[in-house]
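User: I'd like a close look at one part of this fold and at how that part sits among its surroundings. Could you take me through it in one go, with the cut-offs spelled out?

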Amino acid sequence: MATNKKLVILSGAGISAESGIKTFRDSDGLWEGHDVMDVATPEGFKKNPQLVLDFYNQRRRQLHEVKPNVGHLIIAELENDFDVHVITQNVDNLHEQAGSTKVLHLHGELFKVRSTNNHHNILRWEKDLHWGDTDAEGHQLRPHIVWFGEEVPALDEAIKITEQADFLIIIGTSMQVYPAAGLLHYAKDDIPLYYVDPKPAMIVNAPRKLKVIAATGSEGMKVVSKELLAL
């Protein structure tokens, strides 16, 4: 039976890695063979828009091939027992594919594009995006992705959701990307907090009820789900 207890999930690239989506950067600092500054900044888009569009077209095509993994599915199933809100740094739609109904994307979504003239003009887009694809007023469309150097529009909403959490799970993130990494410090001090990652980072000033589970998203969520349902 569902309760009104609010369970907030902060998810990062690690949870999608099991589904075959590469994590943000390889060990050499490159993102799928590209310098991040060339494909994930406004300056990169201005310098070589075709490179940027091609880069995200490849990412978008991949979403038609991948499926959610056990970690995504367990998170979705927890809606049967909790008021679950997912705040994700990921731009894929695997949480939604798994059945999660309240998903806030901090860094945008691959299946959406927006006008270069009006960032509020957002369109659903599941095919390749080309130079020359425009909004109704003739302005070029761009990926609906928050690039380095850009504001995170969903941050205020994410803070409000985190402040209301009765339980908090951090999963698949290095805790190095801000402002997302700072969200946990908006949670109430006395709530149970779980951190699931194969190579968990050290959390500075971590809440006293933090439990670290050094495991993949799928294996870690099996443990966390069992504990939450037993509370």
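Analyst: Happy to. Two strands pair if DSSP finds at least two bridges between them, where strands are DSSP runs of E with at least two residues, helices are runs of H or I with at least four, and both are numbered from the N terminus. The part I have picked is an open sheet of 3 strands in the order 5-4-6, paired antiparallel.

A word on the ground rules: this is a predicted model, in which local features need pLDDT of at least 70 and side-chain atom pairs count only at pLDDT 80 or more, while totals for chains, interfaces and linings use all residues. Residues are numbered from 1 along each chain as its sequence is written, and side-chain values use heavy atoms, with hydrogens and water left out.

The edges of this sheet are strand 5 (122-124) and strand 6 (141-145), each of which pairs on one side only. Ignoring direction, neighbouring strands are turned by 45° against each other on average; axes here are lines fitted to C-alpha atoms, for helices over the stretch in contact, and angles run from 0 to 180 degrees between N-to-C directions. Strand 4 (residues 108-115) is joined to strand 6 by 5 bridges in the antiparallel sense. Along that pairing, S115 stands opposite L141, and R114 has R142 as its bridge partner.

How enclosed is strand 6? Its residues are buried, 5 of the 5, so the rest of the structure largely encloses this strand. Buried means under 20% relative accessible area, exposed means over 50%, and partly exposed is in between, with a 1.4 Å probe and protein chains only. Part of the surroundings is helix 4 (residues 49-63), which lies across strand 4 and strand 6 and runs at about 135° to strand 4.

R142 has a second role in the picture, over the face of W147 at 3.8 Å from the ring centre. A charge sits over a ring if NZ of Lys or CZ of Arg is within 6 Å of the ring centre and within 35 degrees of the ring normal. K127 is also placed this way, over the face of W125 at 4.9 Å from the ring centre. W147 in turn belongs to one aromatic cluster with F45, F55, Y56 and W131. For such pairs, ring centres of Phe, Tyr and Trp (its six-membered ring) must lie within 6.5 Å; planes under 30 degrees apart count as stacked, over 60 as edge-to-face and the rest as tilted.

The structure holds 5 aromatic pairs. One of them, F82 with F167, is edge-to-face, at 5.6 Å centre to centre with 75° between the planes. This pair bridges distant parts of the chain, 85 residues apart: F82 is in the loop between helix 5 (70-77) and strand 2 (83-88), and F167 is in strand 7. Both rings belong to buried residues, with relative accessibilities of 9% for F82 and 11% for F167.

Strand 7 leads us to the other sheet, an open one of 6 strands with parallel pairing and the order 3-2-1-7-8-9. There, neighbouring strands are turned by 15° against each other on average, direction ignored. Strand 1 and strand 7 run parallel, joined by 5 bridges, and I9 has I169 of strand 7 as its bridge partner.

Finally, the packing. The largest nonpolar core has 23 residues, and V8, L10, I87, L106, L168, I170 and L183 have the most contacts inside it. Such a core is a set of buried Ala, Val, Leu, Ile, Met, Phe, Trp, Tyr and Cys residues joined through side-chain atoms within 4.5 Å. Helix 7 gives the most to this core, with 4 residues. Apart from it lies another core of 20 residues, among them A40, V52, F111 and I145. In the largest core, I170 of strand 7 is buried at 0% relative accessibility, and its C-alpha atom is 8.6 Å from that of V8, 162 residues away along the chain.

For the chain as a whole, buried residues make up 48% of the 231 residues.

Key. Contact means heavy atoms within 4.5 Å.
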